[in-house]
Structures are given as structure tokens and as C-alpha cells.
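The following report looks at aromatic rings, how they pair and what surrounds them. Please keep the sequence and the model at hand while reading.

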Amino acid sequence: MFRKVLVANRGEIALRVLNACRELGIRTVAVYSEVDRDALHVRFADEAICIGPPRAADSYLNVPAVISAAEIADVDAIHPGYGLLSENANFAEVCRASNIKFIGPPPEVTRLMGEKEKARQAMKKAKVPILPGSEGILTTAEEAEACAKGVGYPVILKAKAGGGGRGMRIVREPGELPNLFHAAFTEAANAFGNGELYMEKFIENPRHIEFQMLADEHGNVVSLFERECSIQRRHQKLLEEAPSLQVTPKLREELGRTLCRCLGEIGYQNAGTVEFLMDANHQLYFIEMNTRIQVEHPVTEAVTGVDLVKAQLRIAAGERLDAILPPKLEMRGHAIECRINAEHPQRFTPSAGKITAFNVPGGNGVRVDTAQYAEGVIPPYYDSLIAKLITHGVDRAEAIAKMERALSQFIVQGVDTSIPLHEEIFRDAGFRAGEFDTGFMERFLAARAEAE
Ligand code: MV4
């Protein structure tokens, strides 16, 4: 096992990784920006090194600064958490060149999955279902028109270098295609430095379902089943749960097996998440793969009992999956996560400031991952997540009841939070019945605005 690991992140995920290291007997090194001096990840690490000014680009995203800290502290490995440098193949290459183990997949695989159209073709080759669409990059609007004619409208143009909803255009009729093609190209070129586009059949209000995977460095791959992530607003997830009510045991088993074979063929290593859209016929289609630990990993931990961050560390240290995992993986009960954001309840703009009071709920089946504390400060420079509240019950009804109880006991004063919004979602009959898709929040907020 590693002797010493640097955690290249902040907030709740930095604490999550530090805790896993501590429990495995690994020494820890935190890095922090000037504004994070009093942050808990700094306090709870064995060592902490300041790597620059508040803006993430000058500190947490500064590759030479992170690598220098790793060399000064003499660590064996770096865990990138999520966001920041976690899916940066160049960073993973610099780690490799510096003889520091990057806790994640090899840079070649990260790069493949970052090129969304290549990822799509790789999945197709491994018989993972993909949506009808282009075979490779569309270089002209004429080529795109020909492709759309074959696929059938509506279609969606996506940036090869995109992901997470940026640089996409929905094309509903042939006449719109030339303009939207050029708009998408320009937007992608400006945002990602690469305007290349591909096309898929557009699915109206799909559900968003993802599979959690683990792969060791000896060619073994397992599926830890799915998470349902359809409750989102502007591509920011608000709530996730496992299992998905829409995934049958047969579909779970078959797709899990296909994904294991696929990730084996690709040479995948460590934790990863394969994202799917589900259409009205309950068919799942691959859209993207995330090559990192995800925010919502605790729902999978709750239902499977597997510590995914410890698994990441042990895989990166060369251990085999059969030594890490129980002999039989299964899901027990139901788990839900609410992402508590510091944000304005109507405008959803980030709410920075000092937390004057903070009470975290607890009790059986309630988990809170946070790096916040009373009298602590939320700086304006980073994302607005202040806590993840996860409940686990014998079934969905119990997970919901625990969540409603826990939300009512979660006190945050000094900044606005999404807690009232979460409480409203749990009162919604459609949500409670499990009847929702990625259009849920938009309809929910429109209905609420209407009622006012
Ligand atoms: C789609 C789609 C419908 N059809 N692709 C948005 C984020 C990016 N990861 C993929 N996204 C979508 N791709 C096809 N062919 C609808 C979305 C989409 C979406 C996907 C997942 C979760 C929330 C979403 C909200 C709006 C649109």
C-alpha cells in the first residue's frame, strides 16, 4: 500500500479521500489555496501545503504547483477527487513522468473518453448500445444534413470535446440544421478550442441512469449497478438514488456484463461511471463515460456496502478486485442523496459568506459528507456544494422518510441553501411515485412559478 498520498482537491471530497487514507494507514498531504487556510481538509491532513491564490486556475488547477507540492512532500500517489484535475490526461501524464501514481485510469483511457465521439465508437465496437447517429466527426453542414436524414429528426449536435451539456444543439427540422451546425461549431471552438461535432438521435425528456464500475490493474472488472440521476437542473444534479426503479434485474445484469467486457477491452482501470439515457421504451443508450469518482458515489456505497474511495486506493496500489470486494455483490435496500448547495432559492446563484449556525442531522441510515462547520466561510471562488445528505433504508419509502426527517434537522444559517427546494421535491406526488425524467425540475419550477 502507499506510504503517503496527496489529495489534490478541497471541500467534502478532499475530506472523504483523507478519511479513506487515514483508515488505511496512509499518511496524507493536503494542498490549499490562500483562501482555504482554515478549511477542514487542511486541518485533518498530516501535512498541508499552500499552492497559490484563491482562484482555482491559480491553485487547485495549477499543475506545476500541485506536482511541486507532491515532490516536496515526497508522496507516492495523488488522488484528484472529482472536478479540478481529475479528468485531465495531461496531468496524469505529468504524474507518470514524475514517478507519482495518479489514482485513476491511465491517461490514454482518460483521453479516449474525453473525446466523446471516440468514446461512442469504442462502446459501439464493444456492443454497448448507442443511439443512432454519425459515425465519426461531421465536417460540414451538408454532411450533417445527410446524416440527419438517415437518423430521422429530431437530432442533437454535440461537441466531441464537450460533455456535461455544453456545446449542444437540438435540431428539430431540416431547415434549422445549417444555422445550428455553425452555431454549435463556433460555440465549441470558443469553449473547448475544438469545434468538431457529431450527431445523435435526440431523445425527448430521457431519464439519466449511470453505472458504477471498478476495474483493477490485472484485467478484472465489476459493475456496482446503477444510479438514477434524472433530478437535475441545468445539468447540475440535485438528487440521486439507487437502485433505479426503471432498471429491471435482467437489464441490470445484462448491461453490467456487457460493460465489464467493454471496459476490459478498453484497458480501463480504477473507478469509472458509464452514463446512459433511457427512452420511453426503457431502452438504455450510452452517452458518455466519466473517468473519476463522482459526487454521488455514496448512494452506491450505501446499497452495496463497498467503500469506493478505499477501492480506488487499493486498486491503484496494485491489489486485485477479488481481494477488495465481497464474493457476491448485490444491492441492499434503497439510498438517496441530496446535494445541498449554498445558493439563492429562486435564482440559484451561488451564496457565499460566513456560516453562523450549522447543525448536521445523523442517526441510523443517515450520512452527511461535508467540510463545512459553524463560523466557517464559503468562499466565492469554487462550486456551491456545501454538503451531501445520504439516507439508506430497507426500501425507497424508508429512504424518503429518513430524508424528510434529516432535511428538517439540517440547519444552515448565514447563507441561503437548497434545503427548502429539496423539501419541496420530497412533497411532490410524481417524485414520490418515481414518475420523473430529466424534464422533471423544469416542469416542477414552472408549476411553482405559476402557483405564485
Ligand atoms: C442527450 C439528450 C437527448 N438525446 N442526447 C445533456 C448533458 C450531456 N451529458 C448529455 N445531455 C443530453 N444528451 C441525446 N441524444 C438529452 C440530454 C440532456 C440531459 C442528459 C442527462 C441529464 C440531464 C439532461 C438535461 C437535458 C438534456
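F436 is buried in this predicted model, its relative accessible area of 4% falling under the 20% that sets the limit for a buried residue. F440 likewise counts as buried, at 6% relative accessibility. The rings of F436 and F440 pair edge-to-face, because their planes stand at 70°, and an angle over 60 degrees is assigned to that class. F436 and F440 also belong to a cluster in which ring pairs link them with F426, F431 and F444.

In total, the structure holds 10 aromatic pairs. One of them is formed by F91 and F102, which also meet edge-to-face, with 80° between the planes. This pair links distant parts of the chain, since F91 lies in helix 4 (residues 89–97) and F102 in strand 5 (residues 101–102), 11 residues apart. Both partners are buried: F91 has a relative accessible area of 0%, and F102 has one of 8%.

The two pairs are set out below by the distance of the centres and the angle of the planes, the terms in which a pair of aromatic rings is described.

| Pair | Centre to centre | Angle between planes |
|---|---|---|
| F91 and F102 | 6.0 Å | 80° |
| F436 and F440 | 6.3 Å | 70° |

Charged side chains also meet aromatic rings in this model. The charged end of R396 sits over the ring of F431, 4.8 Å from its centre, and F431 is itself a member of the ring cluster described above. Elsewhere, R233 lies over the face of F348, at 3.7 Å from the ring centre.

Methods
Residues are numbered from 1 along each chain as its sequence is written. Side-chain values use heavy atoms; hydrogens and water are left out. Rings of Phe, Tyr and Trp (its six-membered ring) pair if their centres lie within 6.5 Å; planes under 30 degrees apart count as stacked, over 60 as edge-to-face and the rest as tilted. Helices (H or I, at least four residues) and strands (E, at least two) are DSSP runs, numbered from the N terminus. Buried means under 20% relative accessible area, exposed over 50%, partly exposed in between (1.4 Å probe, protein chains only). A charge sits over a ring if NZ of Lys or CZ of Arg is within 6 Å of the ring centre and within 35 degrees of the ring normal.
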